[in-house]
Amino acid sequence: MTDSTQRSTERRKHVGRAISHESARGHVTGEALYTDDLVPRTKDVLHAWPVSVPHAHARVRRVDFEKAAQRPGVVTVLTAEDVPGVGNVGAARQDEPLFPEIVEYHGQAVAWVLAESEAIARRAALEVVVDAEPLDPIVTIEQAIERDAFLAHELKIERLQDGRDDIEAALAACPHRSRGEVQIGGQEHFYLEAQAALVYVDEGDQVMVHASTQHPTETQLIVARVLGVPSHAVTCQSLRMGGAFGGKEVQANTWACVAAVGAVKTGRPVRVRLDRQRDMALTGKRHPFLGRYEVGYDDEGRILALNAELFSDGGWSLDLSQPVLARALFHIDNCYDFPSLRVTGRVCKTNKTSQTAFRGFGGPQGMVVGEDALERVARVLGLPPHEVRRKNFYTEGSETHYGQEVKDADRIERIWTTLGESADLERRLAEVEAFNEAHDHTKRGIAITPVKFGISFTTAFFNQAGALVLLYADGSVQVSHGGTEMGQGLHTKMLQVAADALGVDLETIRMMPTRTDKVPNTSATAASSGSDLNGQAVRDACTAIRDRLAPVAAEALECDLEDVVFEGGEVYRADGKGERIAFGQIAKAAYLARVPLFATGYYRTPNIHFDEEAGRGHPFHYYAYGAAVTEVEVDGFTGQYTFRRTDILHDVGDSMSPKVDLGQVEGGFLQGLGWLTREELVWTGDGRLATRGASTYKLPSLGELPEEFHVDLLPKAADPTVIHGSKAVGEPPFMLAMSAREALRAAVAAFGEGGRGAVELGCPATPEAVYWAIEARREAANEALAAEE
Amino acid sequence: MSSEPTILVDGRPISLASVDPHQPLLHFLRERGLTGTKEGCAEGECGACAVVVVTPEGESSRFVTVNSCLVPAVGLAGREVITVQGLAEGEALHPVQAAMVETGGSQCGYCTPGFVMSLFAEHYREGRVPGEVWDEAIGGNLCRCTGYRPIKDALASLPAPGDDRHKRRLAQVTPAPAAVQHVATLEDGSEVRFHRPTTLEALFAILAAEPEAKLVGGGTDVFVEVNQLDRRWPVLVSLDSIAELRGIREDDAALTIGAGVPLSRIEDELGETVPMFGELFPLFSSRLIRNRATLGGNLVNASPIGDSPPALLALDAVLVLASAEGTRELPLSEFFLDYRKTALAAGEIVAAVKVPKPFPDVQRFYKVSKRIMDDISTVAAGFAFWRDADGVITKARLAYGGVAATPARATAAEDVLEGHPFDAMAVVRASTHLGTAFTPMTDHRGSARYREAMVTRLLEKLHADLSPRSEAAE
């Protein structure tokens, strides 16, 4: 495939190839460095450890660190007095004191010990005595609603079918109405690399921040605010992250700020690294949600109206809770056309960690509520859920409840049909039914669910990106851009984009760590937008350089500008005549001819807007689609289950990097599977997180990988409005896991002797939740039997 | 006893002088700049810190993976450790590394060193058939990015090992670990002592001199306390090099398993002899843990949710307890006194576990947990029946974990099962006793009500599994 520019020609050589992760060699040899790996390479580092208060809500009367400070090896204890600037690290609003007087969640740090080793800091932190007066905590969403404790104003989107006065009127006109309520659990990010920062003060008071952050610009900004210095006095580098998933979008800032305050106070490098227990206790998670709804429908299962209210558990501070909630409202429709739809949402304030971004960003919670309604309608009517789903799909020309055209809506049907065939759905539905008839104590369930996910930051100004490309006179290249690498393969894709745009080999280019002194004012690497935004910016910069090289090459090749081809490290004439000149030679010649060999690149997504007041707009550049079929087997004695098979067909546009994209689809699916099945966050009544370690919180292991797993990328799916026709892939596959939840529900239903009626299933559907759902189904079947007799 | 203790890491000796015995190998390595090995959880669940310890195996050697977060660095004095940073030969990747690159087995790369080490040990495992995938080999490693498929593909693609330096190393003998005595002075002037005796006699001499010593079997529980609860002791004594605790013997009366035998060895050697073990161990944490964990530790720990007690109670196991005064035997059913309290006297250790013969002709282990691999049980059950020629139960054992302050048997239900065949009526009779046998509690693993239900449901499951139209067979 050839992309042509006005001046010289770009050939697609690396983009689209299934290459391994750009850092794969470093990963497998242990040579790839992460923030905390810099510590033994840095001299005189001090180690910080938090002084935690074991109450979910308390007023701090006194912090007595006299004894701790005397322990040999302790250098100082950081408190509010040590903050040179503003002692608040809140990102959305300034509602997160770094050294709080009121403890707002269990384990919150009120002071930090700095010591010569982590072991000493930990021992000393235990010796700090905090005199705190416990206050009444809010632990659940229900408690927050009851006490009118919310972190922000209500959000609402409403679309009414022609002529209806309000949603009640729309529901009143429906032949059937059902109510549902679904409690949706949160999720711990469990990035394998816990939060980490290392800060030191360089020459001229320049503060160098190494942080495991998805948003170096914001980390820079907040560190500067806390230190009371301009942004130019702080440089932030995010080398690479050992996973993030949204958990380091905002939540990385606090630790960098603690380290910065410590470094400025002591003049020594300061390291903050949370261990897993602290990380789970102190950092925000996916928002738990409560969804209540009423759905109206006809005899055939066509949905006519939905009225839903969503409550999210925001924790103690606002963080990103409002845009997370907004995305839930935007995605309650999933792939379905609800003629009348009203959805409202509130962020509840509770005395928990501040819940935050997590892959899907509220979209999954919204969709789970929508899918719950679809499933309920099917089961109440006794219709096959997959047929009810299909009946309600958006079609070409449909508009969402917020008034955006559902671009490429035909892909929903195309994916559904293709996947149904490749997964052999009809035959397997029959097989499952036969199996269930033959077995009393073991039942299988199979379900297919679709995904539609809107791509773009719903906050319009984040949809911009920058890049800096440096070509050296020997022909080697450094590429910097605003995006961060957290394992998602962004640098890999950027490498491919840059290599094709410059017409060089991958080895010619070095991807540089993300730094705020290379590209300023960047957006978080989030919302699946990393490669869309930064890809355009990188290409823009590379194209600028290529265009400057082209005249030099044209002269050497004795041809017109448009006949110059840059490809694979060589420059040659499109007509094949003449010699092939090494890229490095052209670079050298350009340098000698005094041509600037560096360029910036920039991109902003066009036409993104949303009027919150009206609930109307165009918040997304496009949608990504997919569908999954999952089959499970459930043990009726214990509720334990296994995943027998999953088939996925997912739309990544024209894949820029198939190995990377496949990894995102598979990994996203399994992470979603964990959220909906095994991963259960448990808080005690007094607000302590009881599941604060890998031994109590169970993310998917190899055992959750379906025994059979078929994943395909949708062919012929290029989106010409996106870089190289690709589509964003980070988040959408996460929601493919809803197929597993609905498969479990189907299996549970099979325990009820073919009974009708909704199947209430906890979320996450832990083995215990599945067990109680089976018990309820069995009881209902027994009651029905007794009534017949 | 070595005067200048060192540990051999990727062929390079590193001094252990003045190292706190509470410092896990993981932190020891990282402090010295060997940051390839990662910390993911510090409690042996994620495997990011996995390294290989070269272990004696008769006249040759074996590569054994362990979680370096749960092994004290000084505990490996004089031993040889291989980390992820010691595999590549210059620019040439090791085959397991190349496989991970090729399949896309790394995304963020943070769990990758642990997976690489698990794959490395599996690559050289005696008896591995290339192409066959043994899930357990990577069952103790967690990845949050990939969804495991490419890592499993990497495992499946591993060729048979060539004649490389690791293969040659395996062919060489590894001497049994020598005794170690180690003292560290901490920053506050306090002293911490560490002993690694190699005989019971030496152990009891140490215990006589250091009565406050904390005994460490495999360390997979003690070091969770060190890492997670900041627990410290003035004296640590490692039991992992005492030959008398590491034997397996069988005679006409019983099978006797040394309390210090790593669980993975019991799994490998006795999984077929005692089917209960074959069912128990794959569900018992992960291979990375089982390579260190011991029956002695799992019993002395006396957790109500330990996995081996229900199995061993069902097998009617007898403990051999040893002290400086000699040995005595105690039925396991009399060992657990209360929550985390045992009948072990001061200065006494569990030396061995005897499984008496004849073995029961029905033996089953069930574990109810959120996750199937690598999890802690919500409820576990060990069931055993000895039956006569007519199928009448002559002795029944129903033992549970997770439903009381200690692992416990449902003796009333056992009584009503004896003297009858195990049919549907027997289940109903037993159920009336099981329903009230225990008063479990609610915690983050499960509700009291669920646990209570499982006590009966698991016996019903046993019946279903044993009935002629067994669903388990499909």
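Begin with the whole of chain A in view, where the secondary structure comes to 19 helices and 31 strands. The radius of gyration of this chain is 28 Å, close to the 28 Å that the globule rule gives for 789 residues, so chain A is as compact as a globular protein of that length. Bear in mind throughout that this is a predicted model.

Before selecting anything smaller, turn the chain along its principal axes, where the C-alpha atoms fill a box of roughly 95 × 80 × 50 Å. Of the 789 residues, 62% count as buried, and among the contacts with a separation of 6 or more, 80% are made by residues 24 or more positions apart.

**First stop: strand β17**

Select residues 340-348 of chain A, which form strand β17, a mostly covered strand with 8 of its 9 residues buried. Next add residues 155-159 of chain A, strand β9, which pairs with β17(A) in the antiparallel sense over 5 bridges; within this pairing, A:Ile157 stands opposite A:Val343.

Keep A:Val343 in view and add residues 303-313 of chain A, strand β16, which runs parallel to β17(A) and is joined to it by 9 bridges. Here A:Ala308 stands opposite A:Val343. To follow the chain from β16(A) to β17(A), show residues 321-331 as well, since the path passes through helix α9 of chain A, and this β-α-β crossover is right-handed.

As a general point, strands of a sheet pair through backbone hydrogen bonds, either parallel or antiparallel.

**Second stop: a sheet of four strands**

Now move along chain A to an open sheet in which 4 strands stand in the order β21-β20-β19-β26, with mixed pairing. To find its edges, select residues 509-511 for β21 and residues 598-604 for β26 of chain A, each of which pairs on one side only. Looking across the sheet from one strand to the next, you will find a twist that averages 20°.

Between these edges, select residues 464-471, strand β19, together with residues 477-481, strand β20, which in chain A pair in the antiparallel sense over 5 bridges. If you label A:Ala467, its bridge partner to look for in β20(A) is A:His481.

**Last stop: the helix across the sheet**

Finally, with the four strands still displayed, add residues 530-557 of chain A, helix α15, which lies across β19, β20 and β26 and runs at about 35° to β19(A).

Terms used:
Residues numbered from 1 in each chain as written. Chains lettered and ligands numbered in written order. Predicted model: local features only at pLDDT ≥ 70, side-chain atom pairs only at ≥ 80, totals over all residues. Pairing = 2+ DSSP bridges. Helix = DSSP H or I, 4+ residues; strand = E, 2+ residues; numbered from the N terminus. Axes fitted to C-alpha atoms, helices over the stretch in contact; angles between N-to-C directions. Contact = placed C-beta atoms within 7 Å. Rg over C-alpha atoms; globule rule 2.2 N^0.38 Å. Buried ≥ 20, exposed ≤ 12 C-beta atoms within 10 Å, placed from the backbone. Right-handed = clockwise from strand over helix to strand, strands pointing away.
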